[in-house]
Amino acid sequence: MPIPVRQNLRMGSYLMRQKLARREKFPLIVELEPLFACNLACPGCGKIQYPTEILRQRLSVDEAVGAIEESGAPMVSIAGGEPLLHPNITEMVGELIKRKRFVYLSRMPCC
């Protein structure tokens, strides 16, 4: 799947701004895991060994958006087992898009 022209242009301008500012290191993408739980039954997965209160922890929308704002990265990959299990994932993605971040929802196996 090709990358949209708008994303290419915005990423190119972001890279150019970083180079003009003579920054050697800067973020391109941040992986955000807003929840610790997973709906996959992977053999040997370490997550299932945690107590229930740990597995039910979730980042709030404000915490997630704040972390991305702090990083300054133009792209966000929301991963962590199954990000769609988060009860506020729609609001979270909406807030990140409002802040002109490119958001990728990634369902990756935890093992």
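**Packing around I78, helix 4 and the largest pocket**

I78 is buried, with a relative accessible area of 0%. The structure described here is a predicted model. Within it, I78 belongs to strand 2, which spans residues 75-78. A position counts as buried when its relative accessible area is under 20%, so the value of 0% places I78 in that class. The C-alpha atom of I78 lies 4.8 Å from that of L32, although the two residues are 46 places apart along the chain. L32 is also one of the residues in contact with I78 once neighbours within four places in sequence are set aside. The other contacts of I78 on this basis are P34, P83, I89, V93, L96, V103, Y104, L105 and S106.

Three of these contacts, I89, V93 and L96, recur in helix 4. This helix comprises residues 89-98, and its buried residues are I89, M92, V93, E95 and L96. Viewed down the axis of helix 4, the buried residues fall within an arc of 160°, and they therefore line one face of the helix. The face turned away from the buried side bears the exposed residues T90, I97 and K98. On the buried side, the residues of helix 4 pack against strand 1 (29-32), helix 3 (61-71), strand 2 and strand 3. Just after helix 4, K100 adopts a positive phi of about 60°.

K100 also appears in the lining of the largest pocket, together with P4, R6, Q7, R10, I97, R101, F102, V103 and Y104. The space in this pocket amounts to about 170 Å³. Helix 1 (5-20) and strand 3 (102-105) each contribute at least two residues to the lining. By class, the lining consists of five nonpolar, one polar and four charged residues. I97, exposed on helix 4, is among the lining residues, as are V103 and Y104, both of which are in contact with I78.

Helix 1 also takes part in an aromatic pair, and the structure holds one such pair. Its members are Y14 and F26, arranged edge-to-face with 6.0 Å centre to centre and 80° between the planes. Y14 is located in helix 1 and F26 in the loop between helix 1 and strand 1, so the pair ties together parts that are 12 residues apart in sequence. Y14 is itself buried, with a relative accessible area of 6%.

Technical notes: Residues are numbered from 1 along each chain as its sequence is written. This is a predicted model: local features need pLDDT of at least 70, side-chain atom pairs count only at pLDDT 80 or more; totals for chains, interfaces and linings use all residues. Side-chain values use heavy atoms; hydrogens and water are left out. Helices (H or I, at least four residues) and strands (E, at least two) are DSSP runs, numbered from the N terminus. Buried means under 20% relative accessible area, exposed over 50%, partly exposed in between (1.4 Å probe, protein chains only). Contact means heavy atoms within 4.5 Å. On a 1 Å grid over the protein atoms alone, a cavity is a set of points where a 1.4 Å probe fits but cannot get out, and a pocket is an open set with protein on both sides within 12 Å along at least five of seven lines; lining residues have an atom within 4 Å of a point. Grid points are joined across faces, edges and corners, and a volume is the space filled by probe spheres set on the points. Ala, Val, Leu, Ile, Met, Phe, Trp, Tyr, Cys and Pro count as nonpolar, Asp, Glu, Lys and Arg as charged, and the others, Gly among them, as polar. The arc is that of the directions from the helix axis to the C-beta atoms. Rings of Phe, Tyr and Trp (its six-membered ring) pair if their centres lie within 6.5 Å; planes under 30 degrees apart count as stacked, over 60 as edge-to-face and the rest as tilted.
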